[in-house]
Amino acid sequence: MDQLHFAMPQKFDTVEAERAHRKARLVTALRLFGKFGFEEGVAGHITARDPEWTDHFWVNPFGMSFKQIKVSDLLLVNHEGQVVHGRHHVNQAAFAIHSEVHAARPDVVAAAHSHSTYGRAFSALGQLLEPITQDVCAFYQSHALFDDYTGVVLDREEGRRIGAALGPHKAVVLRNHGLLTVGDSVDAAAWWFITMERSCQVQLLAQAAGKVVPIDHESAVLTRDQLGNDLVAWINYQPLAAGHSDALVGAYDES
């Protein structure tokens with residue numbers, strides 16, 4: 001057994017090394033979101049908290065395709081919404097939402113939001129995901145509903161309301177808008193978004209097909225405790241990222 005290899009999240013001796021890692025994983029997640037079709041025009045953003053300046057976060061530039069983003073394109077934004085590193089504009093909706101989510105949840109390293117197809121369709125129902133499959137049980141009593149819509153999120157007060165709705169959970173359904181997920185690593189936040197999007201698709205398909213048989217409360221809680229932590233999310237994300245290496249050509253070019 002001591003000769004078997006099992007990958008675990010990396011540890012870092014310096015903030016510089018940790019920063020470089022977070023930026024690389026952020027670009028990986030953005031490229032995967034692009035490959036999976038989660039883009040809708042200029043909407044969508046993933047953020048990663050800086051390990052040294054913890055009230056700053058790294059984010060994708062406004063108006064750049066997820067599929068083309070490189071490490072050198074990432075922006076570092078401070079708590080006032082100012083770009084302190086980078087050559088592009090920041091998406092104001094990204095700042096309004098993510099700055100308040102990061103402020104409300106100091107345990108969160110990364111947050112992901114995009115206008116994915118099934119997430120948007122499901123959000124229009126104004127309801128939570130039901131425990132109808134093993135995978136979706138990861139979200140059982142661990143996601144929330146922001147039960148309001150007032151237009152494009154451009155002010156921080158709306159971001160605060162979203163952060164309050166998220167509470168201690170890993171995800172929130174933004175009614176008539178889409179999904180937002182968080183994690184203690186970029187990989188975890190990205191995995192929660194991907195599997196939540198797929199869970200929305202499964203629930204919509206199941207409800208359209210007929211009467212859905214839910215998993216009972218005790219079994220759903222047990223399954224959530226087995227599958228619903230950020231380490232499991234990180235583990236699930238590794239083969240997904242590795243299996244789509246074609247999407248990452250040129251992603252780590254610093255020029």
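Hi everyone. Let's start with the largest pocket: 18 residues line this one, and P9, Q10, D184, S185 and W234 are the ones nearest its centre. Do keep in mind that we are looking at a predicted model. The space in that pocket comes to about 430 Å³. Helices α1, α5 and α7, the last spanning 230–242, each give at least two residues to the lining. Sorted by class, the lining of the largest pocket has 7 nonpolar, 4 polar and 7 charged residues.

Now, how many charged residues does the lining of the second largest pocket have? None: that lining is made of 8 nonpolar and 7 polar residues. The second largest pocket has a volume of about 190 Å³, and 15 residues line it, with A43, A93, H115, V152 and H177 nearest its centre.

On to the aromatics. There are 5 aromatic pairs in the structure. Take F33 and F193: their ring centres are 5.0 Å apart and their planes meet at 35 degrees, so this pair counts as tilted. The pair joins distant parts of the chain, since F33 belongs to helix α1 (residues 15–35) and F193 to helix α5 (residues 186–209), with the two positions 160 residues apart. Both F33 and F193 are buried. Together with F36 and F38, F33 and F193 make up one aromatic cluster.

And where do charges meet rings? The charged end of R198 sits over the ring of F36, 5.9 Å from its centre, and F36 is the cluster member I just mentioned. Elsewhere, K170 lies over the face of F139, at 5.9 Å from the ring centre.

That's my tour, thanks for listening!

How values were computed:
Residues numbered from 1 in each chain as written. Predicted model: local features only at pLDDT ≥ 70, side-chain atom pairs only at ≥ 80, totals over all residues. Heavy atoms only, no water. Phe/Tyr/Trp six-rings, centres within 6.5 Å; stacked < 30°, edge-to-face > 60°. Helix = DSSP H or I, 4+ residues; strand = E, 2+ residues; numbered from the N terminus. Buried < 20%, exposed > 50% of the residue type's maximum accessible area, 1.4 Å probe, protein only. Lys NZ or Arg CZ within 6 Å of the ring centre and 35° of its normal. 1 Å grid on protein atoms, 1.4 Å probe; cavity = no way out; pocket = protein on both sides within 12 Å on 5 of 7 lines; lining within 4 Å. Points joined across faces, edges and corners; volume = space filled by probe spheres on them. Nonpolar A, V, L, I, M, F, W, Y, C, P; charged D, E, K, R; others polar.
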